[in-house]
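User: I'm new to reading protein models. Could you show me one and tell me how the labels on it are earned?

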Amino acid sequence: MKVSRRGMLTGAAAVGAAGVIGLEGQATAEVGREPVELTWFGTHAWQIRCGKNVVLTDPWLTRFKTGTFTPEGADPKTKLVIKPEVIDKHLTSADAILVHHGHYDHMTDVPYVAKKTQATVLCTETHANLLRAMKTPNDLVSPVRGGEYLPFDGFTIEVFPSLHSCGGKRHTYAYPGYRYDVPPRPRVIEDLVEGGTLAYVITIGGLRILSLSTANFDPNALRDLQVDVVLAAPGGEPGITDRLLRTIKPVRKVIATHWDDFDKPLDDPGIPWTDLTPLRTSAQKADAEFAVLDHLQKLTL
């Protein structure tokens, strides 16, 4: 495994409320596999690159203030903003864009990124209707529901039904709902409803990566799934990551995702919105290596 000069790994690295503490290291890639480079753009925005092939997950780079992590919580009337200059600085090409659920911190930038890259956008029908309302070219949008096995040139995508994390006394999450027709153009963050949650397995460069955008998952869909890497989020109901790592087959590496305060700029170091100790502990109990990247860092597997 190789980490760029700015990359951070844990096993040895720890992240808590104070920020990211890392240890740089290098190792030789496995024989017979092509190197796969992961770049983290905060939230669940990942670029997964192998040679000329690029897969993006929930590419949201603009990042505008909503108040999500304040005591008052997010203002649902916060206007949606897209900053092309921020996106253009970091993203140049993509073959596929994987939308995991419809919330603003996952989908706001997708229309611009899709038009820029001409990538295939995989998403639920609700997400597709929202993207159409946001002027995404219809021929780029490919609705899925879970169960699909989709071969692309140089990689494959498997789609699984999943669940959004729940919290609080009533076990709820923000902005639930579905859109069965194309709605008026979304203008504020509450217009981008969850719309169903998906999980994906990306098989690229001989590596199988399970991508989860929240801490929750569908145990029936993922039971005995075999992958090499899991992108896993903190939060959710107690013990949920322990259950995930008991549900799938033993995994070699768990990489933290969606752990940062996304009201802060992408160019700043990530600030954890929660303690990552439970996530790290779950990985270690499962004998998996635990890794954390900071904003814009690259990790080569």
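Analyst: Here come some questions about the sheet, a hairpin, the pockets and the confidence. This is a predicted model, where local features need pLDDT of at least 70, side-chain atom pairs count only at pLDDT 80 or more, and totals for chains, interfaces and linings use all residues. Residues are numbered from 1 along each chain as its sequence is written, and side-chain values use heavy atoms, with hydrogens and water left out.

User: How do you know that E10 and E11 pair?

Analyst: Strands are DSSP runs of E with at least two residues, helices are runs of H or I with at least four, and both are numbered from the N terminus. Two strands pair if DSSP finds at least two bridges between them. E10 and E11 (residues 155–162) have four bridges, in the antiparallel sense, so they pass the test. Tyr 149 sits opposite Glu 158 of E11.

User: What makes E10 and E16 edge strands?

Analyst: The open sheet has seven strands in the order E10-E11-E12-E13-E14-E15-E16, with mixed pairing. E10 (149–152) and E16 (289–291) each pair on one side only.

User: How do you know that helix H7 packs on the sheet?

Analyst: Contact means heavy atoms within 4.5 Å. H7 (residues 277–285) touches E14 (229–232), E15 (253–256) and E16. The direction of H7 makes about 155° with that of E16; angles run from 0 to 180 degrees between N-to-C directions, using axes fitted to C-alpha atoms, for helices over the stretch in contact.

User: What makes E4 and E5 a pair?

Analyst: Four bridges join E4 (residues 37–40) to E5 (residues 46–50), and the two run antiparallel. They form a hairpin with five residues between them, and Gly 42 in the turn has a positive phi of about 80°. Leu 38 has Ile 48 as its bridge partner in E5, and Leu 299 as its partner in E17. E4 is joined to E17 (residues 298–300) by three bridges, also antiparallel.

User: Why is the space lined by His 164 and Trp 273 called a pocket?

Analyst: On a 1 Å grid over the protein atoms alone, a pocket is an open set of points with protein on both sides within 12 Å along at least five of seven lines, whereas a cavity is a set where a 1.4 Å probe fits but cannot get out. The largest pocket holds about 910 Å³, the space filled by probe spheres set on points joined across faces, edges and corners. Its lining has 39 residues, meaning residues with an atom within 4 Å of a point. His 164 and Trp 273 are among those nearest its centre.

User: How confident is the predictor, and where is the pLDDT below 50?

Analyst: pLDDT is the predictor's confidence in each residue, from 0 to 100. The chain averages 91, and 90% of the residues score at least 70. Over residues 2–29 the pLDDT is below 50. Where pLDDT is low, the predicted coordinates should not be read in detail.
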